[in-house]
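Work through the three exercises below with the model open. Try each task before reading its solution.

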Amino acid sequence: MRLSMLDGEPRVITVGAAVLAESLDQQAVPRLGVDWRPPLPGTSQALAKVLADPRRERANEVAVGRLLSARPRLVGVRPAREVLDLPPRTFLHAGPPIEWERASGPMRGALIGAAVFEGLAADAEEAERLLVSGGVRLDPCHHHRTVGPMAGVVSPSMWMFEVVDEEHGGTAYCSLNEGLGKVLRYGAYGPEVVERLRWMGEVLGPVLAAALALTGPVDLRSLIAQALQMGDELHNRNRAATSLFARELAPSVVDASPAHAASVLRFINGNDHFFLNAGMAAGKVSADAARGVPGSSLVVAMARNGTDFGIQVSGLGDRWFTGPAGVPDGLYLGAYGPDDANPDIGDSTITETSGLGGFAMAAAPAIVRFVGGDVSDAVAATRSMYEITLAEHPAYQIPGLGFRGTPTGIDVALVARTGRLPVVNTGIAGRVAGTGQVGAGLVTPPAEAFTKALAALVEL
């Protein structure tokens, strides 16, 4: 019996280990490479049960449909004590729940700065004694429909962006962006940090509130879509989004407060990340729309507190599934290096959760100058995320990929099945309290956060 496959040149398909592919390449043998990975270790049985769950497909359709159809609009800028009903000695923080004893340096620095800002302590030493004694209650931002960048500390006197989902009716909040460098969210708490926060509370917040009252709600979904096509990915690059935002509000800022217009617009213009916080609130209200769908394996939150990385899943209520936060790999400022870096921190991974940030890096080739790598790495990062997501965002499109929608809707089951973890780009905080920002880069979430969530889905 003659085998037809022996009549011509062999056609080779390589799967898995790279050593065979490399050997064939060295011999100039044509091949088709298949990027295949085994499931995450120890997940085979749980994965089979979750994939076989008859509720899962329809539940995920409902959940991701809500995420994609959300229409976030900025409707107000208001003090946290008003919108969050925060008691005087309650501070919110980024990431899963944590207490002072386990808090990282930047988290502690931000809490110290907030205590001084609120007048609960005269200086850093007194603030630390207050926090050590339990004189301030700590609670995650996510438990209050809120997200906070980096340390994410929110205290009652801070002003917040208020974002409403016009489609599903939810509301989310985020603090105002301080800028880069030595700022509270990176754990700095010196006099200049507290002075800036006071100016933001006395001038910036009220002026933005008055301006927004004149303009009416700002369509954040539309603004984000435009910014993506102008080179932003909406996590570590917000230059276009900030410019569009300033353009939207500038006339009303002048009309609402002629005396402060110059200082407010100068502050926004000097801070390319100013839009980040409004975008985070947009991501939060969109992801929250997808919560609470029984049987859904869609991730609705990813967040870090500088010690733990945690996720929440649509079908699993408000439970957190955590693993140790990793140290980002990236570019450092000045003389700083990896030894100065704190593990990953912040709620800003709500951008990746909603299809932006690391998932949209192909839209922002210039981001590699901030986080490292080259343009091909950014494109490859976005392409790889289609493997672990349930949909492509209809509004958030990437010109360089033929206006393909960003990969949106992380599925715990797909993460386990492919062995591929979400791509996150992030700022890097100094590990010592008071340092501030030391760099920016990429970080890989811990696999165990996703494997724990997968196991919990089996128990339902």
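**Exercise 1: a helix pair**

Helix 5 and helix 6 are roughly perpendicular to each other, a class that covers angles of 65 to 115 degrees (under 35 is roughly parallel, over 145 roughly antiparallel, the rest oblique). The model is predicted: local features need pLDDT of at least 70, side-chain atom pairs count only at pLDDT 80 or more, and totals for chains, interfaces and linings use all residues. Residues are numbered from 1 along each chain as its sequence is written, and side-chain values use heavy atoms, with hydrogens and water left out.

Task: find the angle at which helix 5 and helix 6 pack, and the residues that meet.

Solution.
1. Locate helix 5 at residues 105–117 and helix 6 at residues 124–132. Helices are DSSP runs of H or I, at least four residues, and strands are runs of E, at least two, numbered from the N terminus.
2. Read the geometry: the angle is about 110°, and the axes are 9 Å apart. Axes are lines fitted to C-alpha atoms over the stretch in contact, and angles run from 0 to 180 degrees between N-to-C directions.
3. List the contacts (heavy atoms within 4.5 Å). Leu111, Ile112, Ala115 and Val116 of helix 5 meet Ala124, Ala127, Glu128 and Leu131 of helix 6.

**Exercise 2: two acids in a loop**

Task: are aspartate 232 and glutamate 233 buried or exposed, and which backbone nitrogen lies 2.7 Å from the aspartate 232 side chain?

Solution.
1. Place aspartate 232 in the loop between helix 8 (220–228) and helix 9 (239–256). Glutamate 233 is in the loop between helix 8 and helix 9.
2. Aspartate 232 is buried, at 0% relative accessibility. Glutamate 233 is buried too, with a relative accessible area of 0%. Buried means under 20%, exposed over 50%, partly exposed in between (1.4 Å probe, protein chains only).
3. The backbone nitrogen of alanine 241 lies 2.7 Å from a polar atom of the aspartate 232 side chain. For glutamate 233, the backbone nitrogen of histidine 235 lies 3.1 Å from a polar side-chain atom.
4. Look along the sequence: glutamate 233 and alanine 363 are 130 residues apart, yet 6.2 Å apart in space, C-alpha to C-alpha.

**Exercise 3: a sheet**

Task: in what order do the 4 strands of the open sheet lie?

Solution.
1. The order is 12-11-10-14, with antiparallel pairing.
2. The edges are strand 12 (321–324) and strand 14 (345–346), each pairing on one side only.
3. Strand 11 (residues 308–313) pairs with strand 12 over 4 bridges; pairing takes at least two DSSP bridges.
4. Glycine 310 stands opposite threonine 322 in strand 12.

Technical notes
Polar contact = N/O pair within 3.5 Å; in protein donor to acceptor, adjacent residues only side chain to side chain.
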